[in-house]
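Trainee: Could you walk me through reading a model like this one, feature by feature?
Mentor: Gladly; let's put it on the screen and begin with the backbone.

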Amino acid sequence: MEELVRLCKARGFVFPSAEIYGGFRSTYDYGPLGVLMARNVKEAWWREMVQLRQEVVGLDAAILSSPKIWEASGHLKNFTDPLVDCRTCKQRWRADQLPTTDDGKLECPNCGGTDFTEARPFNLMFKTFVGPVEDEGSVAYLRPETAQGHFVNFANILQTERLRPPFGTAQIGKSFRNEITPGNFVFRTREFEQMELEYFVPPEDAPRWFEYWCNERLEWYTRFGIPRDMIRLRPHTKEELSHYSVATADVEFAFPWGWGELEGIANRTDYDLKAHAAASGQVLEYFDAATGERYVPYVIEPAAGVARTMMAFLIAAYTVDEVDGEERTVLRLHPRIAPYQVAVLPLSKKDTLLPLSQEVLHLLQPVAMCDYDITRAIGRRYRRQDEIGTPLCVTIDFESLDDKAVTVRDRDSTAQERVPMDRLVEAISSRLAW
Ligand code: GAP
């Protein structure tokens, strides 16, 4: 983990936020490579959840949201964690995450004390005020999940898209939770990005769709590079279920500190639509004009986090091997997840090579995210690209000036192949195919 955090900072994936002021409460900023990788994670999700399906449409709902939403959804009452204070060192903890002593008492990870205050429910939603007056009438909340935006737009989407169950709405966006104990790098933060699908189905089909989405989502992670033995599905016990769920399974990843949740897949039943219908007085149901059938769909919800997914991909990809008797660090990221797909590397920074190298760069930029690097010796540039996971390097040498061909180097095998420039786009595109 330490090595990964170091690499993330050194190579520009993730920086501690406000670092020049000593950081700010477990917040992080995504640097140039982190932004590219996060976009790729989201694109891989969007492609499979929306683009390759007929029955799923997109949505981007507001982050600042009405208290009425959270009252109806039950979050104002139920979205809490049990907060305890250690009476010895005064640190605050989530009671359900504390280790216990041999005789079953809660133990403070900071001072080892076992004397705690009674657990009290702490609501995780961030409260703010809209407009210049800070009174009860101007209260708003930063959404703690994107999901409610889907439910309050259910009627709008049905009306505009003419969909019939099963159909889904997909949304990627920031959510906020005032976590008591953020930590493990970007695993648990107070500001984070979610990728959520709400899949509306006929109630009697919900168990089948729940199974379907558990399998689909597990497959998605393996398709993009997580080995099967580093990932598992863990069904929630009855006690763990959220207030809206009758069945949940977590996709868990083998993090260096143990199994941790990447995604939750829940059968939310008709809880949310019924709650919003009751609170708003609107009709939130599906009506089939052909059959006269009318019902409130059940919702199956696969809900994933961008940062956790990125972390899992990075951890699974991180490898140290040996090339030409030298140790190298290589991120064996899936080509569609890696920040750059291609690095364009002129062998020398002499003026004679640069115009052709620029030509190659401009050829490839429309089909792939390209890095362009003219600094240092070529071997060191290959090592840098290996370390940031770039699957292909394209090298332009002095021969290229005569034969109009370049060398394509593969990150994993380090094999090199000479490719004519007029076939380069085709050669690169086929290697990067989804
Ligand atoms: N709408 C359902 C929902 O929000 P969740 O299991 O609470 O379910 C879904 O969140 C995913 O969002 C989690 O599996 C995780 O990947 C991500 N997530 C939740 N809280 C997070 C936090 N504090 N920091 C980073 N990611 C978080």
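Trainee: In which loop does A18 lie?
Mentor: To place a residue in a loop, name the elements on either side. This is a predicted model, and in it A18 lies in the loop that runs between β1 (14-16) and β2 (28-30).

Trainee: What is the phi of A18?
Mentor: Look at the sign of the angle and at the residue type together. A18 has a positive phi of about 50°, although it is not a glycine.

Trainee: Which peptide bond is cis, and where is P166 placed?
Mentor: Read omega for the bond, then find the loop. The bond from P165 to P166 is cis, with omega near 0°. P166 has its place in the loop between α6 (154-161) and β10 (167-176).

Trainee: Now the ligand. Where does the ligand sit?
Mentor: Start with the pocket, then move inward. The ligand sits in the largest pocket, which holds about 1,300 Å³ of space. That pocket is lined by 47 residues, and R94, R177, R188, H236 and E261 are the closest to its centre.

Trainee: Which element gives the largest share of the lining of the largest pocket?
Mentor: Count residues element by element. β14 gives the largest share of that lining, with 8 residues. Among the others that supply at least two residues each are α4 (75-78), β5 (80-85), β13 (247-255) and α9 (306-317). By class, the lining has 16 nonpolar, 14 polar and 17 charged residues.

Trainee: How many residues are around the ligand, and which come nearest?
Mentor: Here we go from the pocket to the shell. There are 21 residues around the ligand, and E145, R177, T189, E196 and E261 come nearest. The shell divides into 10 charged, 7 nonpolar and 4 polar residues. β14 (258-269) again leads, as the largest share of the shell, 5 residues, comes from this strand. β11 (191-201) and β17 (298-305) are also among the strands that each supply at least two shell residues.

Trainee: What lies 2.6 Å from a nitrogen atom of the ligand?
Mentor: For polar contacts, sort side chain from backbone. An N or O atom in the side chain of E145 is at that 2.6 Å distance from the ligand nitrogen. Q194 has a polar side-chain atom 3.0 Å from an oxygen atom of the ligand. L262 uses its backbone instead: an N or O atom there lies 2.8 Å from a ligand oxygen.

Trainee: How much of the ligand's accessible area does the protein cover?
Mentor: Compare the ligand on its own with the ligand in place. On its own it has 550 Å² of accessible area, and the protein covers 91% of that.

Terms used: Residues are numbered from 1 along each chain as its sequence is written. This is a predicted model: local features need pLDDT of at least 70, side-chain atom pairs count only at pLDDT 80 or more; totals for chains, interfaces and linings use all residues. Side-chain values use heavy atoms; hydrogens and water are left out. A residue is near a molecule or strand if one of its heavy atoms lies within 4 Å of it. A polar contact is a pair of N or O atoms within 3.5 Å; within protein, one must be able to donate a hydrogen and the other to accept it, and residues adjacent in sequence count only if both atoms are side-chain atoms. Accessible areas come from the Shrake-Rupley method with a 1.4 Å probe; for residues, only the protein chains shown count as cover. On a 1 Å grid over the protein atoms alone, a cavity is a set of points where a 1.4 Å probe fits but cannot get out, and a pocket is an open set with protein on both sides within 12 Å along at least five of seven lines; lining residues have an atom within 4 Å of a point. A molecule sits in a cavity or pocket if more than half of its atoms lie within 2 Å of its grid points. Helices (H or I, at least four residues) and strands (E, at least two) are DSSP runs, numbered from the N terminus. Ala, Val, Leu, Ile, Met, Phe, Trp, Tyr, Cys and Pro count as nonpolar, Asp, Glu, Lys and Arg as charged, and the others, Gly among them, as polar. Grid points are joined across faces, edges and corners, and a volume is the space filled by probe spheres set on the points.
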